[in-house]
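Hi,

Here is the structure I promised to pass on. Have a look at it first, and then read my notes underneath.

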Amino acid sequence: MPSLQELINVHEQEIKAFSPADNTDLENFRIRFLGTKGIVKSLSGEMKTVPPDQRKEAGQMLNAFKQLAEEKYASFKEMQEGVANNGPAIDYTLPGIPLPIGTRHPLRIVENQIVSIFEKIGFSVATGPEIEDDWHNFSSLNMPADHPARDMQDTFYVSSNPDWVLRTHTSSVQARILETQSLPVRVICPGRVYRNETISARAHCFFHQCEGLYVDKDVSFADLKQTLYYFVTEMFGADTKVRFRPSYFPFTEPSAEMDISCTVCGGKGCNLCKHSGWVEILGCGMVHPNMLRNFGIDPEVYTGFAFGMGVERITQIKFQVNDLRLYSQNDVRFLRQFQSL
Ligand code: DAH
């Protein structure tokens, strides 16, 4: 039968070689060596078999053995707690995982450009509600209930209140400005508008407009032309030509539509300009005297011009986007193309 010293030697080897793979390993080690029925305990029980003259030495060996087991256990325990508290070791020198950064929507990019071009010449931004009442969207704009011009726009009505519509144009903001602000006014009004259209590449039930309004003493059609010409050269470049065609809008008199020379073919003819060399970009005119009167403004004293353009249209011309649906489909392959702008 091996002596106590020999037993200690064998187990000492085992302790020295021990390296736990995980918590369970370490716990098993504790139970095996330091537990109430563990090896240290049972070896202590063997002390009585040691001849009295060897007891002192055997006792010291046993103590050293116990200490070895305890130290081994304590050091691994500390290591494991360190891992649990600090998480896995992190190498801060490794390159990080890049976060995908969002991009501005092309319509917002163009809207911002339109607004800042007009801000440079003293226009300030004004906005209005998307749910409008009949007065601000139609009646005050010289479009009474039976006015045929109302047929020009297929309107979404709000079912809970027959007086409410989803605004069909940002011209409603003109009405709100004339109602609340003192003259002179010079505003640019970007916003979303709604029309009851079947969705296709060329039409959508919602889109965006930018309205402009300038009312002061002695504002003339020449001011309107010069302002819009300035806008076009800033937006599309100094080579771009403009032309005005007579048109009709109930809230302006005279009214016009403005075309620019095609920025894709330079006027030679292409798909964008339908081989005409010109693309229409906005409607405009001198604010109708009736509209001024609707807000208590004397048209003999004050005159003004107004214009309204489609943001999708300007964006389509700038970036040659040929399907309106792309703007609201949220396809990142489309949206990412505008990343650098
Ligand atoms: N509101 C018109 C539309 O939605 C656009 C427009 C035309 C606005 C002439 C104006 C304007 O301010 O003077 O088609």
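Strands β1 and β4 run parallel and are joined by two bridges. One place to see this is Val125, whose bridge partner in β4 is Ile188. Before you go further, please keep in mind that this is a predicted model.

On to β4 and its other partner. Strand β4 (residues 185-194) runs antiparallel to strand β5 (residues 206-216), with ten bridges between them. If you want to click through that pairing, Val187 has Leu213 as its bridge partner in β5, and Tyr194 stands opposite Phe206 in β5. Is β4 enclosed or open to the outside? Eight of its ten residues are buried, so β4 is largely enclosed by the rest of the structure.

Zooming out, these strands belong to an open sheet of seven strands with mixed pairing, in the order β1-β4-β5-β9-β8-β7-β6. The edges are β1 (124-125) and β6 (242-249), each of which pairs on one side only. Helix α5 lies across β1, β4, β5 and β9 (303-310), and its direction makes an angle of about 165° with β4.

Now the aromatics. Searching the whole structure turned up 17 aromatic pairs. Take Phe118 and Phe231: their ring centres are 5.2 Å apart and their planes are at 20°, which is under the 30 degrees cut-off, so this pair counts as stacked. The two rings come from distant parts of the chain, with Phe118 in helix α5 (residues 106-119) and Phe231 in helix α8 (residues 221-236), 113 residues apart. Phe118 and Phe231 are both buried. They also belong to a cluster linked by ring pairs, together with Phe123, Tyr214, Phe305 and Phe307.

Tyr214 has a charged neighbour too: Arg186 lies over the face of its ring, 5.1 Å from the ring centre. Elsewhere, the charged end of Arg32 sits over the ring of Phe33, at 5.5 Å from the centre of that ring.

Last, the overall layout. The domain assignment splits the protein into domain 1 (4-86) and domain 2 (106-338). How many Å separate the centres of domain 1 and domain 2? Taken over C-alpha atoms, the separation is 87 Å.

Cheers

Conventions:
Residues numbered from 1 in each chain as written. Predicted model: local features only at pLDDT ≥ 70, side-chain atom pairs only at ≥ 80, totals over all residues. Heavy atoms only, no water. Domains from an automatic or database assignment. Phe/Tyr/Trp six-rings, centres within 6.5 Å; stacked < 30°, edge-to-face > 60°. Helix = DSSP H or I, 4+ residues; strand = E, 2+ residues; numbered from the N terminus. Buried < 20%, exposed > 50% of the residue type's maximum accessible area, 1.4 Å probe, protein only. Lys NZ or Arg CZ within 6 Å of the ring centre and 35° of its normal. Pairing = 2+ DSSP bridges. Contact = heavy atoms within 4.5 Å. Axes fitted to C-alpha atoms, helices over the stretch in contact; angles between N-to-C directions.
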